[in-house]
Amino acid sequence: MEKKILFPQVSGFLHGGDYNPDQWLDRPDILEEDIRLMKKAGINSATLGVFSWAACEPTEGNFCFDWLEEIVERLYQNGIYTVLSTPSGARPAWLDAAYPEAMRVDARGLRDHHGNRHNHCMTSPKFREKVAAIDRELARRLGSHPGVILYHISNELSGECFCPLCAERFRKYLADKFDHDIEKLNKAWWTAFWSHHYNSFDQIEPPYANGEGSVLGLLLEWRRFTTWNMTDFLKFEKETLLGITPDMPVTTNFMRLFGGLDYRKMAPELDVISWDNYPAFHNDSESFADTMSETAFQHAVMRSMKRDKPFMMMESAPGLVNWQAVNKVKRPGVHRLACLHAIACGSDTVQYFQWRKGRGSCEQFHGAVVDHLGTDDTRVFREVAQVGEMLKAIAPVAGTCVNSQAALLFDWDNRWAIGDVRALADDTKKYEDTCLDFYRAFLKLGVDMDIVGSDEDLSRYGVVVAPMLYMLQPGTASNLKTFVERGGQLLATYLTGYVDSDQLCWLGGFPGDGLAGLFGVISEEIDSYYPSDRNGVRLFDGSVWEVRDYAEILRVKDAEVLGVYTGEFYQGTPALTCKSFGRGKAYYAAARSSASEMTPLFEKMLKEADIPVKKLPENVEYHVRSAGEEVYEFYLNCSEQPVVVSDIFGTEVQTGEELCGTLALPGYGGAVVRKTAV
Ligand code: GAL
């Protein structure tokens, strides 16, 4: 595959972040100094305009872009490119005073007062009209400036609104979805239950906190609607901008595995995926290496939404943040490691929130490249400048991709359905944690999985793991069958295939929709355990995996039994099975065991799929990016102790050192090795 350069204007990686000169317009000396400091830190991009509505339109219809234009130009003259944000992340006071419908209504039916941010009614025609007006002006004034390389739409789109306009839009969305046939909806939502039958779409309300909470189809459709409405808003801003400057690429910043929106549905509207990465480094509940692998998982989620190009790390903290339970500073070296980590996982940008700390309001103590001290003589500034140097040194890596051969299936719908189901155990459903657990176990084998939806093309993968795939979308079963038939190694677990995309249970045995035939098993019961309950799975080599939380009791039709339960009244019955199907294999793990215990099974699957595993020292993360003949290996020491990695051959890209066997990494050190062709 060819290199995919995100921004041809910039050579190598983008290094920059949110820049808020509008907070400093009365201090031209500071704005002048910013340019000098940015150059010193190796900054080549600035994100401008996030939350700048009041500065760009201080009163309705009175647009003031001179200050912004001047700054974009000055940055450009100094080799710094602009990521131009629309200001729709926060509303100015005049707007709410004139058009209260722009303020959201919460689940109790209460309208917000003016204030805060990310809290608009996405349906409100008045709000959209005002957004369109300022976006058009912004695009006209700045969209053709040679320094502007990307539109960043709004900021961290999120949340739901229960106002009458949204309720009406929801009803319309449902009517369209169910072909204006209320009986179709009644059937899909199983409304004969508790007399919840609807006579017409007009009777449907959003799921208010004191309203409907028992019709699972309604809860799910409300979330789908919220994503749909938000995507519609995103599209609307995008089309407004592109109506003036059709060729500008577009992004919006996502937030980790955010639960409120199905990002995969929004991704097609974007030219590049970007996200905001704020790991809680040095916390007291997990190891540093676990924080890193959790972050790698989040990077993989983002990367996998556009698998054939790099993504952007749009925000990260150069120092500390101010909103975590404990806001600890990054230990020396960790900033560089975290930035290299983002690159290793497929990002082509290192961007920060924020360039300079403001003096007041609630983010005054949030980390920034430039502190209140105002100089370049700080530890944080020096570390940022070192990152600037590092990014220049590894510039040839830009445009390469992580080409994973293994994938993990994760669906937002499935996540929502598991969250809503009244069954299992309240505190241990843990769908996201379970996915992370599998991802981590593969990462320890040197395999950085993609995280993809169950409807995506799986043909590029040799191994697919589908944890807790409770909901089967139309087409999922046939997608999985095709994957295995063509030689894929598939692992599914307990809780697979219980419901369809309306949350209706499959009849005739779980996993439904014909998947029982793929795995050769039917799950007859699922046992939920109390937190202290334990069981085991004995494998035929005598080893035992511990079982906690969930265990299904299986009926095996035509699969090989690889492991049986060690306890409970179902002792001796199948707990792990495998069925050969076409040229591949379909494994079924009926109980929850930790993925690290299951590692020998993963090694077997990887081997059968011809995917190499890597012997790595404890706490070292390994990632690979490549394009054509160019292959770059990343070795990241996720601990403060030095470590030596062996079996390494190639050129260390930053130092030019030829490695003939070993690589010594200091605490929190990281290296990029260009592989020598063999
Ligand atoms: C992000 C947000 C930024 C800033 C940052 C602080 O979620 O987009 O504007 O608030 O958090 O960490």
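**Close-up views of a predicted model**

**View 1. Helices α5 and α8 form a right-handed crossing.** In this predicted model, the axes of α5 and α8 come within 8 Å and cross at roughly 35 degrees. On the side of α5, the residues that make the contact are F127, R128, V131, A132, D135, R136 and A139, and these meet N229, D232, F233, F236, E237, T240 and L241 of α8. Sorted by class, the residues of this contact comprise 7 nonpolar, 2 polar and 5 charged.

**View 2. Helix α8 also meets helix α13, and the crossing of α8 and α13 is right-handed.** Helix α8 spans residues 216–242 and helix α13 spans residues 412–420, and their axes come within 10 Å while crossing at roughly 145 degrees. From α8 the contact draws on L216, L219, L220, R223, R224 and T227, whereas α13 contributes D413, W416 and D420. The residues of the contact of α8 with α13 divide into 4 nonpolar, 1 polar and 4 charged.

**View 3. Helices α11 and α12 cross in a right-handed manner.** The two helices cover residues 334–344 (α11) and residues 379–393 (α12), and their axes, which come within 9 Å, cross at roughly 35 degrees. In α11 the residues concerned are V334, H335, R336, C339, L340 and I343, and they meet E383, V384, V387, M390 and L391 in α12. By class, the contact of α11 with α12 holds 8 nonpolar residues, 1 polar residue and 2 charged residues.

**View 4. The ligand is surrounded by residues that include R117, E315 and E363.** The other residues around the ligand are F51, N155, E156, D276, Y278, W323, F353 and H366, and the shell as a whole has 4 nonpolar, 2 polar and 5 charged residues. An oxygen atom of the ligand is 2.9 Å from an N or O atom in the side chain of R117. For the side chain of E315, the distance between one of its N or O atoms and an oxygen atom of the ligand is 2.8 Å, and for the side chain of E363 the corresponding distance is 2.4 Å. Taken alone, the ligand exposes 310 Å², and the protein buries 95% of that area.

**View 5. A cis peptide bond leads from F353 to Q354.** The omega angle of this bond is near 15 degrees. Residue F353 is also one of the residues around the ligand, while Q354 lies in the loop between β9, which covers 347–352, and α12. Helix α12 is the helix of View 3 whose axis comes within 9 Å of that of α11.

**View 6. F510 and P511 are joined by a cis peptide bond.** Omega is about -5 degrees for this bond. The loop that holds P511 runs between β13, with residues 489–493, and α16, with residues 515–519.

**View 7. N116 has a positive phi although it is not a glycine.** The phi angle of N116 is about 60 degrees. This residue is placed in the loop between α4, which covers 93–98, and α5, which covers 125–142. Helix α5 is the helix of View 1 that makes a right-handed crossing with α8.

Definitions and conventions:
Residues are numbered from 1 along each chain as its sequence is written. This is a predicted model: local features need pLDDT of at least 70, side-chain atom pairs count only at pLDDT 80 or more; totals for chains, interfaces and linings use all residues. Side-chain values use heavy atoms; hydrogens and water are left out. Axes are lines fitted to C-alpha atoms, for helices over the stretch in contact, and angles run from 0 to 180 degrees between N-to-C directions. Helices (H or I, at least four residues) and strands (E, at least two) are DSSP runs, numbered from the N terminus. A crossing is left-handed if the near helix is turned anticlockwise from the far one by less than a right angle, and right-handed if clockwise. Contact means heavy atoms within 4.5 Å. Ala, Val, Leu, Ile, Met, Phe, Trp, Tyr, Cys and Pro count as nonpolar, Asp, Glu, Lys and Arg as charged, and the others, Gly among them, as polar. A residue is near a molecule or strand if one of its heavy atoms lies within 4 Å of it. A polar contact is a pair of N or O atoms within 3.5 Å; within protein, one must be able to donate a hydrogen and the other to accept it, and residues adjacent in sequence count only if both atoms are side-chain atoms. Accessible areas come from the Shrake-Rupley method with a 1.4 Å probe; for residues, only the protein chains shown count as cover.
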